[in-house]
Amino acid sequence: MTQFKYIYFIYDADGGILNEIKYWINKNILKKGNACELCDISHGKLFVRLEWLKFIKELKSKYQVAVLHRNELPMKIQERNFQLPCIVGETDNELIEIVNKTTFKDLENLSNVEDLKAEFFKQAL
């Protein structure tokens, strides 16, 4: 079993209030741009999902957890050029992709927090 110290959930979207408003308008009103699969799982049309907050709280009891946007990444993650969105675990020695972009796209059932949680624990343990 891999001993992760940190878990990073990384959105394929930029953070900051103006970027989040722009993303929401492009996705929901203009129907253009690329949607972030992790955003779709963690957020409804207007607000963060309660199930998402519970999942993150559960993980924080075991790991240090960061939920980041692509413009907020530490250099050590930027250097790895992970395709986004993804979930990355950090051990003492390395960064390991736990759930990658392909998994987000390929798993049609990965459309809610419970599915993501199941996939996370399947891959992380």
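1. A residue counts as exposed here when its relative accessible area is over 50%. By that cut-off Asn81, at 63%, is exposed. Keep in mind throughout that this is a predicted model.

2. Asn81 also caught my eye for its backbone: phi is positive, about 55 degrees, although the residue is not a glycine. You'll find Asn81 in the loop between H4 and S3. For context, most residues other than glycine have a negative phi.

3. Lys31 is another one to look at. Its phi is positive too, about 55 degrees, and it isn't a glycine either. Lys31 sits in the loop between H1 and H2, and with a relative accessible area of 61% it is exposed. Just ahead of that loop, H1 covers residues 17-29 and spans 17 Å from first C-alpha to last, close to the expected 18 Å.

4. Back in the loop between H4 (75-78) and S3 (86-90), have a look at Pro85. The peptide bond joining Leu84 to Pro85 is cis, with omega at about 0 degrees.

5. Now the inside. The largest nonpolar core has 24 residues, and those touching the most other members are Ile7, Phe9, Trp52, Ile87 and Phe120. At least two residues each come from S1, H2, H3, S4 and H6, with H6 giving the most, five.

6. Phe120 is worth clicking on: leaving out residues up to four places away in sequence, it touches Ile7, Phe55, Leu59, Ile87, Ile98 and Val99. There is also a second, separate core of 10 residues, with Ile10, Leu73, Leu84 and Cys86 among them. So Leu84 turns up twice in this note, as a member of that second core and as the partner of Pro85 in the cis bond.

Note on methods. Residues are numbered from 1 along each chain as its sequence is written. This is a predicted model: local features need pLDDT of at least 70, side-chain atom pairs count only at pLDDT 80 or more; totals for chains, interfaces and linings use all residues. Side-chain values use heavy atoms; hydrogens and water are left out. Helices (H or I, at least four residues) and strands (E, at least two) are DSSP runs, numbered from the N terminus. The expected span of a helix is 1.5 Å times one less than its number of residues. A nonpolar core is a set of buried Ala, Val, Leu, Ile, Met, Phe, Trp, Tyr and Cys residues joined through side-chain atoms within 4.5 Å. Buried means under 20% relative accessible area, exposed over 50%, partly exposed in between (1.4 Å probe, protein chains only). Contact means heavy atoms within 4.5 Å.
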